[in-house]
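I opened this entry to keep track of what I looked up in the model. The notes follow the order in which I went through it.

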Amino acid sequence: MANIKSAEKRARQTVKRRARNVAGRSKLRTAIKGVVNAVEAGDKETATAKLKAAGPIIDSAVNKGLIHRNKAARHKSALNARVKELSAG
């Protein structure tokens with residue numbers, strides 16, 4: 001355990017920040033899985049709705065520094081392509 005007051009505060013902040021990051025990352029992964037599962041089930045309407053809901057969640061993760069903007073763009077592009085493929089096929 002830290003002996004210096006500033007180090008103790010840093011330790012407390014780290015615990016809070018980690019909890020926030022874990023929750024945010026979980027929310028992001030859940031949103032992505034929702035779209036993927038809907039696509040695999042072949043449910044076009046649900047997949048489209050979940051994709052529309054996942055977009056802002058992915059963007060929010062970028063703004064909070066959870067993921068890089070290029071990773072967000074890659075996720076959004078891949079999900080969109082899968083939903084589009086479902087619509088065409």
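**Pocket lining**

I began with the lining of the largest pocket and sorted it by class: four residues are nonpolar, three are polar and four are charged. The model is a predicted one, so I read every value below as computed from it.

I then listed the lining by name. It consists of Arg-17, Arg-20, Asn-21, Gly-24, Lys-27, Leu-28, Ile-57, Ser-60, Ala-61, Lys-64 and Leu-66. For the volume of this pocket I noted about 190 Å³.

Which helix gives the most to the lining? I found that α1 does, with six residues. Both α1 and α2 supply at least two residues of the lining.

**Helix α1**

I checked the length of α1 next. The helix has 37 residues, which should span 54 Å at 1.5 Å a residue, and its end C-alpha atoms are 54 Å apart, so the two agree.

I wrote down the buried residues of α1 as Leu-28, Ala-31, Ile-32, Gly-34, Val-35, Val-36, Ala-38 and Val-39. The elements covering them include α2 and α3. Just past the end of α1 I came to Gly-42, which has a positive phi of about 80°.

I picked Ser-6 as a residue to look at in α1. Is Ser-6 buried or exposed? Its relative accessible area is 52%, and because exposed means over 50%, Ser-6 counts as exposed. I also took its distance to His-68: the two are 62 residues apart in sequence and 30 Å apart in space, C-alpha to C-alpha.

Val-36 was my second pick in α1. Its relative accessibility is 18%, and since the cut-off for buried is under 20%, Val-36 is buried. Leaving aside neighbours within four places in sequence, I found Val-36 in contact with Leu-79 and Arg-82. Val-36 and Leu-79 lie 43 residues apart along the chain, yet their C-alpha atoms are separated by 7.3 Å.

**Helix α2**

I repeated the length check on α2. This helix has 20 residues and reaches 29 Å from its first C-alpha to its last, close to the 28 Å expected at 1.5 Å a residue.

For α2 I listed Ala-47, Leu-51, Ala-54, Gly-55, Ile-58 and Ala-61 as buried. Their cover includes α1 and α3. Gly-65 follows α2, and I noted that its phi is positive, near 80°.

I looked at Ile-57 separately, as a residue of α2 that also lines the largest pocket. Its relative accessibility is 24%, which falls between the 20% and 50% cut-offs, so Ile-57 counts as partly exposed. Not counting residues up to four places away in sequence, Ile-57 touches Lys-27, Leu-28 and Ala-31. I also have the C-alpha atoms of Ile-57 and Arg-29 at 9.7 Å from each other, with the two positions 28 residues apart along the chain.

**Nonpolar core**

Last, I went to the largest nonpolar core, which has 17 residues. Which of its residues touch the most other members? I noted Leu-28, Ile-32, Val-35, Ile-58, Ile-67, Leu-79 and Val-83. The helices α1 (5-41), α2 (44-63) and α3 (69-88) each supply at least two residues of this core. The largest share, seven residues, comes from α1.

As general background, nonpolar side chains tend to be buried together in soluble globular proteins.

I followed Leu-28 further, as a member of this core and also of the pocket lining. Apart from neighbours within four places in sequence, Leu-28 is in contact with Ile-57, Ile-58, Ala-61 and Ile-67. Of these contacts, I had already met Ile-57 and Ala-61 in the lining of the largest pocket, and Ile-58 among the buried residues of α2.

Notes: Residues numbered from 1 in each chain as written. Predicted model: local features only at pLDDT ≥ 70, side-chain atom pairs only at ≥ 80, totals over all residues. Heavy atoms only, no water. Core = buried A, V, L, I, M, F, W, Y, C linked by side-chain atoms within 4.5 Å. Buried < 20%, exposed > 50% of the residue type's maximum accessible area, 1.4 Å probe, protein only. Helix = DSSP H or I, 4+ residues; strand = E, 2+ residues; numbered from the N terminus. Contact = heavy atoms within 4.5 Å. 1 Å grid on protein atoms, 1.4 Å probe; cavity = no way out; pocket = protein on both sides within 12 Å on 5 of 7 lines; lining within 4 Å. Points joined across faces, edges and corners; volume = space filled by probe spheres on them. Nonpolar A, V, L, I, M, F, W, Y, C, P; charged D, E, K, R; others polar. Expected span 1.5 Å × (residues − 1).
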